[in-house]
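Hi,

Here is the structure I promised to pass on. Have a look at it first, and then read on for what turned up.

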Amino acid sequence: DVRLICFEQKEAVRFYVLYTALLGFLAIIMSICRIKKTTVKELYQGIILSEKNSLWFVAVLVTAVFFAAYGKFLLEDTLYLYRDIGADTMNLHIPGFYAFAGYIRNGQPDLWYYANICGSSNLSFFLNCANPFLFAVTCMGAVFGEQTMVYGLLAAQYVQILLGTLFCFKLLVLYGVSNRAKIAASLIFAINGFQILWGQHYGFAIYGLINIAVIYCIENYLQRKTFGKYLCIIFLTALSGMISVYMSYMVLFMAGFYALHRILKNEKKKMAALAELFVAVILGLGISSVLFVPDAVDLLGNSTRLSSNMGIMEKIVSNLTDTYSADQVKDISTRLLSNNLLGVSNRIKSYTNYYEVPQLFFSCFSISLFVQYFFLLFRKQMDKKHKVLSYIAYGMVLILIYNKAGSLIFNGFVYAFGRYTFLIMPIF
């Protein structure tokens, strides 16, 4: 009985949510820093100079922003649901989750979902049980009733955003940057375009988290090689493989590039380090093979999206020379500033639909920081090898954004497609 009011805004409620979140934010900061006779300067130093307090500060601020952005779904009679051009979220995802939770509660699992026109397979919802967040939401619906799943999906989105932010913070700890830089970068990562926009697809939201977690675990292992950190890489690979072959390919491909770049720059025993990480990935995929292999066979053998008469190298060469049009470059570039400058949902004025324009919104600072980094590399004192590798990585990011070949490679050599760009978030 929840009414669908996807884009209505009730300003009084929005102000109440923001005001309450800010009051709670200030109260928590005061308790963390134990403010009784503390000056503003001491408060600032207590947050910024302490790594632990900085981490708490980021977590609290992300929570406040989350409630400001998603509060109407909690306080109003509004459903957490985006109406995209394909309408699969309305017609498939939400009804499918409700039906699947009902099957579990009644003890009568069915492989076919009959309520969607002519019906559709429930196999994808069985596979979603590998996603720990969707599994928890489904169990919530089965135990407490389907109506609770609306709030469960919101809670899952919040936890994924928060965990991704914390992994970003911890990754920057390994890099040894200042607390101010950690705070700024972590907050930018928290509200990036992919996590907010593709979070509505529920199953995809976890890959923003897995992406940064895999990179963090690789960096952590390369710096402090312990068996526990090695097991984390295996676990994340297995989890990714069980959830989605398509998204796992993207994440592991980028993780491989990252690992190669870091090993070439810093490792003395390069081949040994590469071999260790390669074995971890193989072990992880082996653990996930019960779900990974059948899904991969089905995707590679039957998908109409993979049908083509062109070979892989022919596709790469073709896309290297087939550049984006001026309008496409403009549309991609606007996503560096915001997801919404070209319009929203079905009202977008672009060369493609709202969801398929590449996700590049990492904050309004991304353009200036990217330019500054180029000149920083030029001025920074470092040996020639490190400088060359850094410029190569810089150039690869530009290719990934503005050349179709990069998009083709990360889309499984099928065709140029913008969904892969969430992989660039940790680089920014």
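Which residues form one aromatic cluster? They are Phe 370, Tyr 373, Phe 374, Phe 375, Tyr 391 and Tyr 394. Before you zoom in on them, keep in mind that this is a predicted model.

Two of those names come up again on the outside. Phe 374 and Phe 375 join Leu 337, Leu 341, Ile 367 and Val 371 in a nonpolar patch on the surface. Together the six have about 530 Å² of accessible area. Ile 367 belongs to helix H17, which covers residues 366-379. Its relative accessible area is 38%, so Ile 367 counts as partly exposed.

Now the whole chain. The secondary structure comes to 19 helices and 2 strands. Of the 428 residues, 47% are buried. The accessible surface is about 21,900 Å², and carbon and sulfur atoms account for 67% of that. If you take the contacts between residues at least 6 apart in sequence, 70% of them join residues at least 24 apart.

On to the inside. Nonpolar side chains tend to be buried together in soluble globular proteins. Here the largest nonpolar core has 87 residues, and Tyr 207, Ile 210, Ile 218, Leu 277, Phe 422 and Leu 423 are the ones with the most contacts inside it. Helix H10 (residues 205-223) gives the most to this core, with 13 residues. Leu 423 is a good place to start clicking: leaving out residues up to four places away in sequence, Leu 423 touches Asn 211, Met 250, Val 251, Met 254 and Phe 410.

Back to the rings, since the structure holds 13 aromatic pairs. One of them is Tyr 221 with Tyr 230, a tilted pair with 5.3 Å from centre to centre and 45 degrees between the planes. Both partners are buried, because the cut-off is under 20% relative accessible area and Tyr 221 comes in at 7%, with Tyr 230 at 13%.

Then there is Phe 253 with Phe 257: the ring centres are 5.3 Å apart and the planes sit at 65 degrees, so this pair is edge-to-face. Both residues lie in helix H12 (residues 245-266), 4 residues apart, which is about one turn of the helix. Phe 253 counts as partly exposed at 27% relative accessibility, and Phe 257 is partly exposed too, at 33%.

That's what I have for now.

Cheers

Technical notes:
Residues are numbered from 1 along each chain as its sequence is written. This is a predicted model: local features need pLDDT of at least 70, side-chain atom pairs count only at pLDDT 80 or more; totals for chains, interfaces and linings use all residues. Side-chain values use heavy atoms; hydrogens and water are left out. Patches are made of residues with over 30% relative accessible area and no salt bridge: like charges are joined within 9 Å, nonpolar side chains (Val, Leu, Ile, Met, Phe, Trp, Tyr) within 5 Å. Accessible areas come from the Shrake-Rupley method with a 1.4 Å probe; for residues, only the protein chains shown count as cover. A salt bridge is a side-chain nitrogen of Lys or Arg within 4 Å of a carboxyl oxygen of Asp or Glu. Buried means under 20% relative accessible area, exposed over 50%, partly exposed in between (1.4 Å probe, protein chains only). A nonpolar core is a set of buried Ala, Val, Leu, Ile, Met, Phe, Trp, Tyr and Cys residues joined through side-chain atoms within 4.5 Å. Contact means heavy atoms within 4.5 Å. Rings of Phe, Tyr and Trp (its six-membered ring) pair if their centres lie within 6.5 Å; planes under 30 degrees apart count as stacked, over 60 as edge-to-face and the rest as tilted.
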